[in-house]
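Here are my notes on the model you sent, as numbered points. They cover single residues, the cores, and the empty spaces.

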Amino acid sequence: MNFKSIDGKNQVEGYCLIKSVDKKTSSKGDTYLDFTFSDSEGEINGKLWNYNENIHGVYDANILVKVRGTISVYNGTDQFRVEKIRPVNDDDGVKIEDFVKSAGYDSSAMYNALFEIASDFEDKELSLLVTTILNDRRLALLYWPAAFKLHHAIRGGLLLHTLSIVRLCEKLCGIYTFVNKELLISGAILHDIAKIDEFEVADSGIATGYSVKGNLIGHLAEGAIIVRETANRCGVSEETSNLIEHMLLSHHGDPEFGAAVRPMFMEAEILSELDMLDARIYEMKEAVEGVGTGEFTGRLWSMDNRKLYNHGKCDLNKPTILF
């Protein structure tokens with residue numbers, strides 16, 4: 001943990017994210033808070049003994065705090081005894097991106113890139129439809145993750161996943177010039193747009209669970225609803241709306257994986273394949289980073305229960321290039 005010493009000994013202070021917090025009762029009957037704190041360097045267990053809500057305040061997971069206390073070793077593990085704690089404020093000058101895993105690109109830059117691409121479409125209906133939906137959801141897009149637990153489940157992950165697929169679309173259309181590039185990219189930009197309605201997400205940009213709408217409807221069907229409602233509001237033709245709705249409803253490829261229908265035209269099929277490709281590249285990189293060269297990962301449910309081998313011939317520290 002990136003705490004700084006304030007007495008030259010065990011007393012430290014610093015900023016961190018509350019990863020989890022539980023109110024508990026000690027063997028003596030006293031109430032205390034059991035924390036897991038984290039920052040860019042790791043995490044530590046913390047205890048706030050003799051907890052009094054009126055004195056100490058109320059704390060939830062996924063908020064930034066400033067803490068002061070002492071670190072000691074308990075059963076061979078560092079434990080932090082909290083003496084003071086408060087939520088961060090604007091004067092502290094700390095950013096949430098420094099405490100949670102983030103996309104690695106400025107979210108405004110990623111959003112602006114997508115918006116500018118759609119703004120420049122020759123097909124004015126597609127341009128109007130896509131830019132209107134992006135504009136309606138701009139604030140959430142700037143920090144929303146792409147998943148609850150799987151690929152791109154990080155702050156800004158939805159924009160990272162979306163822009164990555166758009167860049168793949170651009171490269172692919174340079175080879176297969178007969179593909180309708182603007183239709184394909186429109187589907188790519190909007191394919192996961194309803195994940196904003198699917199997850200409950202903290203200000204940290206980390207999903208804490210599924211919403212009622214996410215459980216009952218899901219982002220494929222809700223995305224099609226958003227497209228239809230926006231098209232009607234903007235005067236976009238039913239034919240254009242139908243094409244984008246189909247791409248959203250079919251982008252999981254097979255009903256077994258949640259698709260309402262299978263892709264029925266070329267751009268829908270390409271979107272489905274590129275969506276899977278980007279998700280799997282991300283998941284494979286994440287998994288292999290956790291094992292040494294010449295080692296296998298555990299079996300991964302998201303990869304059809306496969307183990308993955310780290311051959312050591314990739315430089316996994318190199319970034320994804322989007323600009």
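1. Is Glu286 buried, partly exposed or exposed? In this predicted model, Glu286 is partly exposed, because its relative accessible area is 31% and that class runs between the 20% limit for buried and the 50% limit for exposed.

2. Glu286 belongs to helix α11, which spans residues 266-289. Its side chain makes a polar contact of 2.6 Å with the side chain of Lys101. Ile321 follows at a separation of 35 residues in sequence, and the C-alpha atoms of Glu286 and Ile321 are 17 Å apart in space.

3. Helix α11 also matters for the reading of the pockets. The largest pocket has a volume of about 890 Å³. Its lining counts 32 residues, and those closest to the centre are Leu150, His151, His252, Phe257 and Trp301. Two or more lining residues come from each of α7 (195-198), α9 (219-234) and α11. The top contributor is α11, with 6 residues. Sorted by class, the lining of the largest pocket holds 15 nonpolar, 9 polar and 8 charged residues.

4. The second largest pocket encloses about 670 Å³. Of its 25 lining residues, Tyr282, Lys285, Lys318, Pro319 and Thr320 are the closest to the centre. Both α5 and α11 give at least two residues to this lining, and the largest share, 6 residues, is from α11. The classes here are 11 nonpolar, 6 polar and 8 charged residues.

5. How many cavities of 30 Å³ or more are there? The count is 1. The volume of the largest cavity is about 50 Å³. Its lining is made of Leu114, Leu134, Leu141, Leu158, Leu159, Thr162, Ile189, Asp192 and Ile193. By class that gives 7 nonpolar residues, 1 polar and 1 charged. Helix α5 (residues 157-175) supplies the largest share of this lining, 3 residues.

6. Some of these names return in the nonpolar packing. The largest nonpolar core has 54 residues, and the members that touch the most others are Leu141, Val166, Leu184, Ile189, Leu190 and Ile244. Helix α5 gives the most to this core, 9 residues. A second core is separate from it and has 17 residues, among them Leu33, Ile44, Phe80 and Val82. Leu141 and Ile189 also line the largest cavity.

7. Which residues does Ile244 contact, once neighbours within four places in sequence are left aside? They are Leu126, Leu129, Leu183, Ser186, Gly187, Leu190 and Val227. Leu190 is thus a contact of Ile244, and both residues are listed with the members of the largest core that touch the most others.

8. His246 sits in helix α10 (residues 238-250). Is it buried or exposed? His246 counts as buried because its relative accessibility is 12%, and the limit for buried is under 20%. With neighbours within four places in sequence set aside, His246 contacts Val261, Arg262, Pro263, Met264, Phe265 and Ala268.

9. Two backbone angles should be checked by eye. Asn50 is not a glycine, yet its phi is positive, about 50 degrees. Asn50 is located in the loop between β4 (42-48) and α1 (53-56). With a relative accessibility of 53%, Asn50 counts as exposed, because the class begins over 50%.

10. The other angle belongs to His152, also not a glycine, with a positive phi near 55 degrees. His152 is in the loop between α4 (138-141) and α5. Is His152 buried or exposed? His152 is buried, because its relative accessible area is 2% and buried means under 20%. In short, Asn50 is exposed, whereas His152 is buried, and each has a positive phi in a loop.

Note on methods:
Residues numbered from 1 in each chain as written. Predicted model: local features only at pLDDT ≥ 70, side-chain atom pairs only at ≥ 80, totals over all residues. Heavy atoms only, no water. 1 Å grid on protein atoms, 1.4 Å probe; cavity = no way out; pocket = protein on both sides within 12 Å on 5 of 7 lines; lining within 4 Å. Points joined across faces, edges and corners; volume = space filled by probe spheres on them. Helix = DSSP H or I, 4+ residues; strand = E, 2+ residues; numbered from the N terminus. Nonpolar A, V, L, I, M, F, W, Y, C, P; charged D, E, K, R; others polar. Buried < 20%, exposed > 50% of the residue type's maximum accessible area, 1.4 Å probe, protein only. Polar contact = N/O pair within 3.5 Å; in protein donor to acceptor, adjacent residues only side chain to side chain. Core = buried A, V, L, I, M, F, W, Y, C linked by side-chain atoms within 4.5 Å. Contact = heavy atoms within 4.5 Å.
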